[in-house]
Each structure stands twice: as structure tokens, then as C-alpha cells.
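I opened the model at the bench today and went through it entry by entry. These are my notes on what I looked up, in the order in which I looked.

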Amino acid sequence: MPKRKGKTASSDEDDSGSEVDLVNVDFEFFDPRETDYLAIKRLLRQLLQLDAEDLHLNDLTDLILSQPLVGTTVKTDGIESDPYAFLTVLNMNVHKDHPSIKALVSYLLAKATGNPAAQAALRSIIGPEALASSSSRHVGLLLGERMINMPVQIIPPMYRMLGDEIRMANDDKEPYNFDHYIVLSRLYKITEADVSSMTDDIDEPAPPTKKQKKKGKGAKQQQQGLPQVGTFSFHHEDEEIQNVASFTVDYDFSNRQPREGSESLGLDVAGRFMIVPSARFAEMVMDMTKSHPLPST
């Protein structure tokens, strides 16, 4: 039986782009299962990109599946189908000697080199001395990813269920009493060169109004339907996570994904991690729920 069901809508545009049809889809939420191994491994590779193989991806997937009562997968065709999304938390203190956690600790500390304050904060909670201490200040590694076309509205229920599972695990005296969470995410970058190359495929727009002229280049790009130059997250919920995070660190992957790769969407892709005090977890989930509500039935 699924944990619960949810309904959301995805958009389907015709070739002209002039009409949008909404398609209702039922999503079911399940505990992680051994049969989810390949699908979760694929989603982890999407999250970590080409750096995944340096982070003991097989071992990391096994570790996620070793705790089936904490974490959620999302499916659309029953329990035996492949998950389209997952969310879980791993105790970095308990699993400090696990190959994937050891690799991730070194990896994150190295990626924080450009932000000394963030690196110091990170070292204070997952550095070798911090993980080896008998302190109860444990750190949870929040891992979650979804297929590109999955709507963000599935995320708040997953976080609410994770919060409930963490509370129940603590009631049973299991090691899920976290002081901080580290959340991994990924980004894409749009440069001036990217925008310029896109204009070659767009018909000449109507002349700008006086108001648009005053707004400058950004308004011109919006008028042409072009994206803005900048760095953007693949995960819309990053905004709510960043609002409560002590530190956010964006970094380049060590092994760059070719732009023509199917997962990079022709853009430069990068990584991100956020350090979140556990005291603000409930606030974060509430903000997600308000920002990304399920459609009313």
C-alpha cells in the first residue's frame, strides 16, 4: 500500500505553443524498496552528474535502501514501478566510515574552499574531529532528486513525511536526532553567449515600447521569450531551503558534463549544497507547502 496519494497537473503544449492542456496525474508515495535500486541510482547520478562515480554511487544507493522506513519514493504505476523521485536522509555521523559518506565529506569540504566561512562551518560539523566525537550533534545528509518533468508540488508532501519519519525514529531511540542538515542540489548557468545564440532561432520581435526601452536588456529578453542571464536551480524548492540555510555554496563539478549531454540540456551544470539548522526544518517545510501547494480538486 502507498503511504498516500497526491494529484497534480502537468502542462502539455501543442506545436504552435498557443494552447496549454493540463493533464492530471496521480502520484503515489512509497517507502524505498530493493527493486528501486536502478532507478534511485539513476537519479543520484543525475544529482551528482559525472562526479557520481568518484563518490561510490553503488554503495550510496545500497545505504539509502538499507533504511526503508525513512525516506520516500514517488511512483505513478504502482509499487512495482520505477520511482520518478525520491527523498531521504542519512546520518553522516553513524555512517562516517561508509565509503560513500567518507568520499562525500572530503568532496564537500573541498568544494567549500572558495567560501572560507562556509568551509569552517562545514568542518565544525562534518570534519574528521566532529564526526569522530561522541557529541550528539549529528548531521543529516538530505538527498533527493526527481525526473526533469516532475512537478515541484510533490516536494512538500515528501518533506512532511520525512519530518514525521524522523520524529517517529527518534521516539524509537533510533539515531535520527540531527543538529544540522546538508542538502545537495544542482544548478544551471545561462550566459550572455547562450542568450545570443538563442536569438538566432527567434523571429524579429515587434519594436519595444518606451517603457520597455527604459527597462533595458532584461526587458528585451523577456519580450523575445528569452531566459535571463544568471544561475538558476533545477529545484524550485531551493529558494525555501536557502531562506533558512546558514550557508549556501555553489560549485563546479570536478568532471564537467558535456553541454550536448541529455542531462545538461545544452547548458553549463553545477552543484550546490546548503547547511540548514535542524531548528528551522519545520519552518522550511511550511514555506515549501505555502509556495508549492497541490492543486485543489
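**Aromatic residues.** I began with the rings, and found that Tyr159, Tyr176, Phe178, Tyr181 and Phe281 form one aromatic cluster. This is a predicted model, and in it I count 9 aromatic pairs. One of these joins tyrosine 176 to phenylalanine 178 edge-to-face, with 6.0 Å from centre to centre and 90° between the planes. I then looked up how far the two residues are covered: tyrosine 176 has 7% relative accessibility and counts as buried, and phenylalanine 178, at 6%, counts as buried as well.

**Charges over rings.** Next I looked for charged side chains above aromatic rings. The charged end of arginine 186 sits over the ring of phenylalanine 234, at 4.1 Å from the ring centre. I also noted lysine 75, whose charged end lies over the ring of phenylalanine 30 at 5.5 Å from its centre.

**Helix α11.** Phe281 of the cluster led me to helix α11, residues 281–291, where Phe281, Met284, Val285 and Met288 are buried. These residues span an arc of only 95° around the axis, and therefore lie on the same side of α11. Ala282 and Lys290, on the other side of α11, are exposed. What do the buried residues of α11 pack against? I find β5, α6 (155–171), β6, α10 (238–244) and β9 in that role.

I stayed with α11 for threonine 289, which has its place in this helix and, at 30% relative accessibility, counts as partly exposed. Leaving aside residues up to four places away in sequence, threonine 289 touches Pro156 and Arg160. For arginine 160, I noted a separation from threonine 289 of 129 residues in sequence, against 8.9 Å in space from C-alpha to C-alpha.

**Helix α4.** I then asked the question of sides again for another helix. In α4, residues 116–126, the buried residues are Ala118, Gln119, Ala121, Leu122, Ile125 and Ile126. Their arc around the axis is only 165°, so they fall on the same side of α4. The elements that these buried residues pack against are α3 (99–111), α5 (128–132), β5 (138–146), β6 (178–190), β8 (247–252) and β9 (268–277).

From α5 I picked out alanine 132, which is placed in that helix and is exposed, with a relative accessible area of 56%. Its C-alpha atom is separated by 7.5 Å from that of asparagine 93, although the two residues are 39 apart along the chain.

**Helix α2 and the loop before it.** In helix α2, residues 57–65, I listed Leu57, Leu60, Thr61, Leu63, Ile64 and Leu65 as buried. Their cover includes α1 (37–48), β4 (85–91), α3 and β5.

Which residues in the loop between α1 and α2 should I record? I recorded glutamine 49 and histidine 56, both for their backbone angles. Most residues other than glycine have a negative phi. For glutamine 49, however, phi is near 55°, a positive value, and for histidine 56 phi is likewise positive and near 55°. As to cover, glutamine 49 is buried, with a relative accessible area of 2%, whereas histidine 56 is partly exposed, at 35%.

**The protein as a whole.** I left the totals until the end. The protein has 11 helices and 9 strands, and 45% of its 297 residues count as buried. Among contacts between residues at least 6 apart in sequence, 76% join residues at least 24 apart. The accessible surface comes to about 15,200 Å², and 50% of that belongs to carbon and sulfur atoms.

**Confidence.** My last entry concerns how far the model can be read. The mean pLDDT is 86, and 79% of the residues reach 70 or more. Over residues 11–20 the pLDDT is below 50, and beyond near neighbours in sequence this stretch has 10 contacts in the model. Where pLDDT is low, the predicted coordinates should not be read in detail.

Methods:
Residues are numbered from 1 along each chain as its sequence is written. This is a predicted model: local features need pLDDT of at least 70, side-chain atom pairs count only at pLDDT 80 or more; totals for chains, interfaces and linings use all residues. Side-chain values use heavy atoms; hydrogens and water are left out. pLDDT is the predictor's confidence in each residue, from 0 to 100. Contact means heavy atoms within 4.5 Å. Rings of Phe, Tyr and Trp (its six-membered ring) pair if their centres lie within 6.5 Å; planes under 30 degrees apart count as stacked, over 60 as edge-to-face and the rest as tilted. Buried means under 20% relative accessible area, exposed over 50%, partly exposed in between (1.4 Å probe, protein chains only). A charge sits over a ring if NZ of Lys or CZ of Arg is within 6 Å of the ring centre and within 35 degrees of the ring normal. Helices (H or I, at least four residues) and strands (E, at least two) are DSSP runs, numbered from the N terminus. Accessible areas come from the Shrake-Rupley method with a 1.4 Å probe; for residues, only the protein chains shown count as cover. The arc is that of the directions from the helix axis to the C-beta atoms.
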